[in-house]
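User: Could you walk me through the metal sites in this one?

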Amino acid sequence: MKACGGAYTPEQRRKHFITGPQWAGAYDGSALFHAPTRKPVSFEKVIEFYGKLGIRTWATHDTDVIPAKALGTDRQVEILDKIKAALKKADVTCSMVTTETFHHAVFATSPASESPEIREYASWRLVNTVKMGHELGANYAVYWPGSLGYYVQGAVEETETLKWYAEGLNAACEADIKEAKKRKRNTLKHCLEAKPFEPQAEILLPTSDAMLGFIDSGLLKYPEMVGLNPEYLHELMWGTSVRAALARALLKGKLFHFDINDGYRLKHDVDIAVGLVNPLDWLNVLVLLRSHGYEGPFNLDYKPPRTTSNFGVFEVSFPTAVDRFISLWEMAGEVLSDPIINEATAALKGGGGVKKSIDPEEIFKANKELHTLHELIAHRLFQILCGFHTGRSYSIG
Ligand code: GLO
Ligand code: MG
Ligand code: MG
């Protein structure tokens, strides 16, 4: 770690609203074509480790910590007590809870299945998670409706399925309102997370934009309680500019939560750690978020590579991911106060100085030199990313 440089102290890391998911710390390396490469890790270990590292908040799926059969039973109460004790000991808080509605066989036809008993069970799971969230002190609930879609067409009627999906969310919001009142807490922020491909062949809400449309569809009883948890890679996967997708969410006031990771366009969900593939794009994303006052949660929804050991997950993978994020965040601050970028941006906004004209040729000519600044700004961002603006230099001599 020392050789890697850029290591922050736990105190410095704690200043950021970075959340550590249970499932990322405990990921054993398994996937469809991959056997596990690491041993299981308990929530006690994950929480303790996040605390030591300076990740001050923790997030979990219901079934990451409670076996499906124990949900809603006394065993759930016992496990939640153990989690509360582990959080307290590590000086970590629970920021977010999420319901697993994609992995268990019961959700093969999605949580909004045509089968009423599956839908009823799914609603009960969402409500149970909301209660878990209040019990653990969380402020966010995330929903990745992974299996909301199909493999073969015809059996599933999309409008009906989406209405049923909305009913589940309505039940969760209703339960939240009651629970929050009972406990004298604020209601949770309910955040929808889109992914364009997998685990279904066709996905009914594949993008954050589709979800914004769904929130406004009139199907939700409490649309003001529902926003987005975009994931960097999920947006990149379908080919959009992630920054533009986030900008659209910001304009709607719906950027509630953000899953941070990295990967490649038009590929599967590789969940590489933040900034390892597209650092310049990441810098730009953080410039947008910083300039709009978004300060988190930034949820480390990535998968430590299968080639990393159990020791490496905690000693290399998490510390480097967190520190890379903080470095990029600080660089984004530098971009916002950079005199060259500010001067160039102000010049662009000033325009070419033509007095009211309806001659496009004249307007074009007046702005032509000015627009060279687009490329200059892009180059300056690269310099900031690489530290050239602070004197770092290379020479072939
Ligand atoms: C999978 C998703 C998943 C969600 C999690 C939170 O591709 O990214 O990790 O973020 O289930 O609800
Ligand atoms: Mg995610
Ligand atoms: Mg992902």
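Analyst: What follows covers the two magnesium sites and then one helix residue. This is a predicted model, in which local features need pLDDT of at least 70, side-chain atom pairs count only at pLDDT 80 or more, and totals for chains, interfaces and linings use all residues. Residues are numbered from 1 along each chain as its sequence is written, chains are lettered from A and ligands numbered from 1 in the order in which they are written, and side-chain values use heavy atoms, with hydrogens and water left out.

User: Which residues are the protein donors of the magnesium ion (ligand 2)?

Analyst: Counting as donors N, O and S atoms within 2.8 Å of the metal (3.2 Å for Na, K and Ca), with water not among the atoms, so that sites may look incomplete, they are E193 (OE), E231 (OE), D259 (OD) and D301 (OD), at 2.0 to 2.1 Å.

User: And how far apart are the magnesium ion (ligand 2) and the magnesium ion (ligand 3)?

Analyst: They are 4.6 Å apart, and E231 coordinates both. The magnesium ion (ligand 3) is coordinated by E231 (OE), H234 (NE2), D269 (OD), D269 (OD) and D271 (OD), at 2.0 to 2.6 Å.

User: Is E231 buried or exposed?

Analyst: With buried meaning under 20% relative accessible area, exposed over 50% and partly exposed in between (1.4 Å probe, protein chains only), E231 counts as buried at 0%, and D269 counts as buried at 12%.

User: Switching topic, what is D323 in contact with?

Analyst: Leaving aside neighbours within four places in sequence, D323 is in contact (heavy atoms within 4.5 Å) with M1, G6, A7, Y8 and R13. D323 is also buried, with a relative accessible area of 4%.
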